[in-house]
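Morning, everyone. I have one sheet to walk you through today. Have a look at the screen first.

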Amino acid sequence: IARVRQTITRLSQDHEVEFLSLVESAGFNASKLANWGAKPCRLPLLVQGMLRLAYKSVYFLNRLLVERGLTSAYRFEAFDVLGRALLGLVPSWCRYDMVFTNYVWTARPWPKIADTTVIDLHDVHANRHELLGTKVWVTLKPEDEHKRIEESDVSLAIAWAEYQTLRARHGDKRIRFMPYWPTETSQRNAYREPVAVFLASNNHVNADALDNLRLSGIVEILEHLGARIRICGAICGTQQAYALQRDFPQVVELLGIVDDLSSVLGSASLGINMAGPSTGLKIKTVDYLHAGLKVIGTKYSSDPWLQRMCPNNLLILPDGPLRGPAREHAQSWLEAALADQAASPPDGPHEDAE
């Protein structure tokens, strides 16, 4: 959502932007999208509904095939064919100067009605398949992703390592670096509580991050410094969250799903993102930084461009439990961070983002 918001905000400065969701009707979020600068999609409602049906049906059926080991059948060619057929029904006056899509496998149908196709590569990581030890990951095989990037006019990488690898594969003209950094001013309270926030959805990467936090020694340091930890989001319903609260009942609060994130982030001092090896992007870390929080993270939850732009706002921890000099450094850093009530967001990578 944060990435979509950034994209709409930037594009709407110079262009008319329409928004189409292939997951659900945008009606429920119409006012929010309008505030970001987006207008309702002008494609016929029947075409929109049929595109959503085709998207969800193909995704569901092919996901079943992959989970049952039938990887050779997993290509999403069905959505390409259905999408192109449906968009072929669209009147000529509905053509667009550009279609910006945030999935590699949803980009193919749009050349029917667009002069330029841009893909935001949030669902691709240059070494994702190697890291996960798999030939297929949710959408496509590596060779399929390569082919679809080559078919696009421009693809935007969000992570520095991804950008470097994909640029070597596809060239400077096709791959551009556009890191995520919000354009709007963050709402910050004048006083920050001695609180660290962990905000996460319920998936195995975030659950592993909670285990990393529990075993690292950071919770004991925060307890010694008189700080608390607030866990927010669907991750609160996991065994890892219950284990953390059970081991540290005086320190850990499970808030569940929180609608008003600004109130949670605006009053805290620290953000926690102790991810292990994964292919996920670092938007959570960026959101913490943008809210004025200093971040406790690992090398997997940061990015070289973040460390270059925000060196004083990140505590990058080594793998495993903290011991010796590493523990002493973490404690002194956290003590200073909790005492810094004048903390403000770092000046982000505006030049790169522009």
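**The sheet, strand by strand**

Let me start in the middle: β4 and β5 run parallel and are joined by three bridges. Keep in mind that this is a predicted model. One pair to pick out here: V118 has V154 in β5 as its bridge partner.

Now the other neighbour of β4. β4 covers residues 114-120, and five bridges tie this strand to β3, again in parallel. Two pairs to find on screen. F100 partners with V118 of β4. V99 partners with T117, also in β4. Note V118, then: its bridge partners include F100 and V154.

Step back to the whole sheet. What is the strand order? It reads β3-β4-β5-β6, four strands in an open sheet with parallel pairing. Which strands sit at the edges? Those are β3, residues 96-101, and β6, residues 175-177, and each of them pairs on one side only. From one strand to the next, the twist averages 25°.

Something also packs on this sheet. Helix α7, residues 160-170, touches β5, at 154-157, and β6. The direction of α7 makes about 160° with that of β6.

Back to β4 for burial. Why call β4 largely enclosed by the rest of the structure? Buried here means under 20% relative accessible area. Five of the seven residues of β4 are buried, so the strand is largely enclosed.

To recap: an open, parallel sheet of four strands, with β3 and β6 at the edges and α7 packed on it. Over to you.

Definitions and conventions. Residues are numbered from 1 along each chain as its sequence is written. This is a predicted model: local features need pLDDT of at least 70, side-chain atom pairs count only at pLDDT 80 or more; totals for chains, interfaces and linings use all residues. Side-chain values use heavy atoms; hydrogens and water are left out. Two strands pair if DSSP finds at least two bridges between them. Helices (H or I, at least four residues) and strands (E, at least two) are DSSP runs, numbered from the N terminus. Axes are lines fitted to C-alpha atoms, for helices over the stretch in contact, and angles run from 0 to 180 degrees between N-to-C directions. Contact means heavy atoms within 4.5 Å. Buried means under 20% relative accessible area, exposed over 50%, partly exposed in between (1.4 Å probe, protein chains only).
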